[in-house]
Every structure is written in C-alpha cells, then in structure tokens.
Amino acid sequence: MNVQALPMHRFIDHHGNPVDQLPAWAKPSTLKGFYCDMVLTRTYDNKAVALQRTGKLGTYPSHLGAEAIGIAIGRALQADDVFIPYYRDMPAMWARGIAMEKNLQYWGGDERGSDFSVTNNQKTANTTPHNSAILSPDHLPNDSHCRDLPFCVPIATQCTHAVGVASALKIEGSHKAALVTCGDGATSKGDFLESINCAGTWNIPLVFVVNNNQWAISVPRRLQCGADYLSEKAKGAGIPGLTVDGNDIVAMFDAIQISLDRARKGKGSTLIEAISYRLSDHTTADDASRYRSKDELHEAWGFEPISRLKTYLMRQGLWSEQDDKQWQEHCQEVVEQAVERYLNIPVQAPETAFDFLYESLNTELHQQRDELINKAMRMQGGKHG
Ligand SMILES: [Mg+2]
C-alpha cells in the first residue's frame, strides 16, 4: 500500500503543486525560511554521518526525510512552551535556538550536549538570509530560559515525562503548551497509550507528534498496528487525532500551530500523526538494505519534503537555482564552523559520568570514581612518559 495515497492534511503535493489554498500565515518569507532551514539540516545530516564514519562521532540517528516535521515543530513552538524530544529531533532543537554543535557533543558522548542553557551562537555567523530560524531565531526572546528536556533514547518513555510536564503547566495556569515527539514504533508501547489516555482524562496542554516513518528499526509499519492510521489511537483516548502529510511542511506547521493554540487555550491534547519515510538507515549502526527493498526506498524519495517546496517556490518566482547554489554553499560553511567548534571543545574528565548520573555517591561509587581518576592519570602519565 502506498501510504502517501491515503487521505491526509496536505497543502502542497510531492510534485510541488498546491492542492488547497495555502493558509494566510504562509507568506513568501516564511516559506523561504522553511526551505532554507530544511536544506541546512540536511547539509548537517550528511556531515554528521561522515563524522561518524571517520571516527569523530558516536552512533548517530540520521533525520534524512524528517526535515519538515522537525522544522515545523521548532517554528511553531513558542519560547516558553516546553519541548520533549526523542532522538531524531535535532532540526526542531536548532529551530528553537539550540546551537548546532550541541547535537554533535551529544552524539559524541559528551553530556554537556544536553545543556540547553547555552543557546544559539550561530546568529553572528556571516549573514542570516532568507528568514532562517536556525541562523536567526528572532522569534525567541533574548531572555528566554529553555525548559526543554534532553533527547530521549528509550522508546516512548518521554511520553510519560511529557504528561508530567503538561500537568505542571496546567497547574501553573500559565497558558503554555508542551509538545512531545515519538516514532511510529513507540505507539505500540504501553507508555504511549497510557500517556494519551492520561492526556485525555486530565485535559492537559500536550501535543503528541508521531513521526510515522514507516519503520521501527527493521519492523515495517504494517506489522506494528492493524489500523490504517496511527492517529486513530486518539479516539480511544478521547482526544482529536490528525493525519498530516509529514513531508509537507506547510501542512505540518499548520496542524501543529492549531493544536498548540488549542492546548494553550485549555482545550486539551491533540495527537498528530505525521506520515513520512525514513530515507536513512535507522542509525549509523544499522544497514537497512538487509531488510527493505531498493524499489521501496526509490519510491519514497519521490515524496521527500525538500524538493517539493523548492519546486513550489521556483514556480512562484520566489527562488532560483542561483539562490539555491548560494544557500547550499552558505550551509556548508555554517556546518563546517559548527564542526570546528565541536572538535575544539576540551574533552570532559571521565569521572564526570558519575557526577552527572547520581545526585550523591555511596561509598562504592566513590571508590569506583577514584579508581577511574587514578586510571586516567596513569594513562595520561604513560602517554607523556
Ligand atoms: Mg519509525
């Protein structure tokens, strides 16, 4: 079954044709910003995989094909909303003002990659053309303090954290919203189902966005759930469920914005299923050619999110091949600068693994920490001796 043929919320199809009148918010500068940010995130993605292959980064989960979902989320959230991300959500974090190298730190094994108190410093890099939110997150107030949670790698547990966060926002009476993301595989887990159930019962300001990229590592979507749409799970929880073309950033932003607005007004939770496709391996530790066909992957490339918006912008006279070339070169420069900053960050002392993991250490852990320090000192001495 071609999932792209199913009815869903969509404004621009995969040929770049508008299938509905675009929303009033979809100004040319906004659409160009969407496009530029998606191109920048793909440029980063290619570089991050290369860094992993050359031993400069640990296991890395590519977001190839998920650019529209991430950028739409990052753009739609307000500064004092709370984002609860899963591990494929780097584009959304960047559009929220988090520095690009933070992600490299995280996947490089440095816990400081989850310290979001230091926000974007790419803002000063060169120019900030085309309304890119990543390079110029002017939609965020300068004095914003980021309350977003770190990436969650365990599957679906972040949904339960999000219920707690959204409950706190409701108790505060602050009229803010929380947004949590997960993959299609997570929707088969109890944590997800319990979370949407709580969200419906407690009427909390929480938006769930499911990146349905058709694969849960090597398990295809058809073996995960018998329903046509994962958004149908919302019905049992008593909340609205929307099915959106996750490769159409206009539809994604529109659905997320409406759902967040609803949440902030005290009207409760929404489940958004973003239909997309994982164009990459699951992570750099995976080889998808062992379990999915070349034909399926080839067909999925025809629906990817970036080329359709480029086609649309060019037909509207809002973008040219020359603009594109210049922007691609600029993206390369921005990414190389972020990589340079990452590679120049002083390595963290190994004992900090203990310092960040536990609030306090018992006697045994103190001994282990001391042993680690002594071993590191001996290795250091050996290296210099
Ligand atoms: Mg998946």
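**Group meeting: strand 2 and its sheet**

Let me start with one pair of residues: Leu 179 has Val 207, in strand 3, as its bridge partner. What we have on the screen is a predicted model, in which local features are reported at pLDDT of at least 70 and side-chain atom pairs at pLDDT 80 or more, while totals for chains, interfaces and linings use all residues. Residue numbers start from 1 along each chain, following its sequence as written. By helices and strands I mean DSSP runs, H or I over at least four residues for a helix and E over at least two for a strand, numbered from the N terminus.

First, the chain as a whole. Its secondary structure comes to 13 helices and seven strands, and the radius of gyration, taken over C-alpha atoms, is 21 Å, close to the 21 Å of the globule rule for 385 residues, so the chain is as compact as a globular protein of that length. That rule is 2.2 Å times the number of residues to the power 0.38. Along the principal axes, the C-alpha atoms fill a box of roughly 70 × 55 × 50 Å. I call a residue buried if 20 or more other C-beta atoms lie within 10 Å of its own, exposed if 12 or fewer do, and partly exposed in between, with the C-beta atoms placed from the backbone; on that criterion, 46% of the 385 residues count as buried. Contacts, for which two such C-beta atoms must lie within 7 Å, often bridge long stretches of sequence: among those between residues at least 6 apart, 75% join residues at least 24 apart. The chain is divided into domain 1 (3–343) and domain 2 (352–384), with bounds that come from an automatic or database domain assignment, and 37 Å separate the two centres, taken over C-alpha atoms.

Now to the sheet. Five strands form an open sheet in the order 1-2-3-7-6, with parallel pairing, where two strands pair if DSSP finds at least two bridges between them. Strand 1 and strand 6 (241–245) stand at the edges with a single partner strand each, so one side of each is left without a neighbour in the sheet. From one strand to the next the twist averages 20 degrees, with axes fitted as lines to C-alpha atoms (for helices, over the stretch in contact) and angles running from 0 to 180 degrees between N-to-C directions.

Why do I describe strand 2 (residues 178–183) as largely enclosed by the rest of the structure? Because six of its six residues are buried. In a regular strand, side chains alternate between the two faces of the sheet. Here Ala 178, Val 180 and Cys 182 are buried on one side, and Leu 179, Thr 181 and Gly 183 are buried on the other. Three bridges join strand 2 to strand 1 (residues 82–84); Ile 84 has Val 180 as its bridge partner, and Phe 83 stands opposite Leu 179. With strand 3 (residues 206–212), strand 2 shares six bridges, and these two strands also run parallel. Strand 2, helix 6 (residues 190–202) and strand 3 make a right-handed β-α-β unit, in the sense that, with the strands pointing away from the viewer, the path from the first strand over the helix to the second runs clockwise. Helix 5 lies across strand 1, strand 2 and strand 3, at about 170 degrees to strand 2.

At one edge, strand 6 is mostly covered, with five of its five residues buried. Gly 241, Thr 243 and Asp 245 point one way, and Leu 242 and Val 244 the other. Strand 6 pairs with strand 7 (residues 270–275) over five parallel bridges, including the one that joins Val 244 to Ala 274. The chain crosses from strand 6 to strand 7 through helix 8 (residues 249–264), and this β-α-β crossover is right-handed.

Finally, two backbone points. Most residues other than glycine have a negative phi. Ala 156, however, has a positive phi near 75 degrees; this residue lies in the loop between helix 4 (100–107) and helix 5 (157–172) and is buried, with 22 other C-beta atoms within 10 Å. His 175 also has a positive phi, about 55 degrees; that residue lies in the loop between helix 5 and strand 2 and is partly exposed, with 13 other C-beta atoms within 10 Å.
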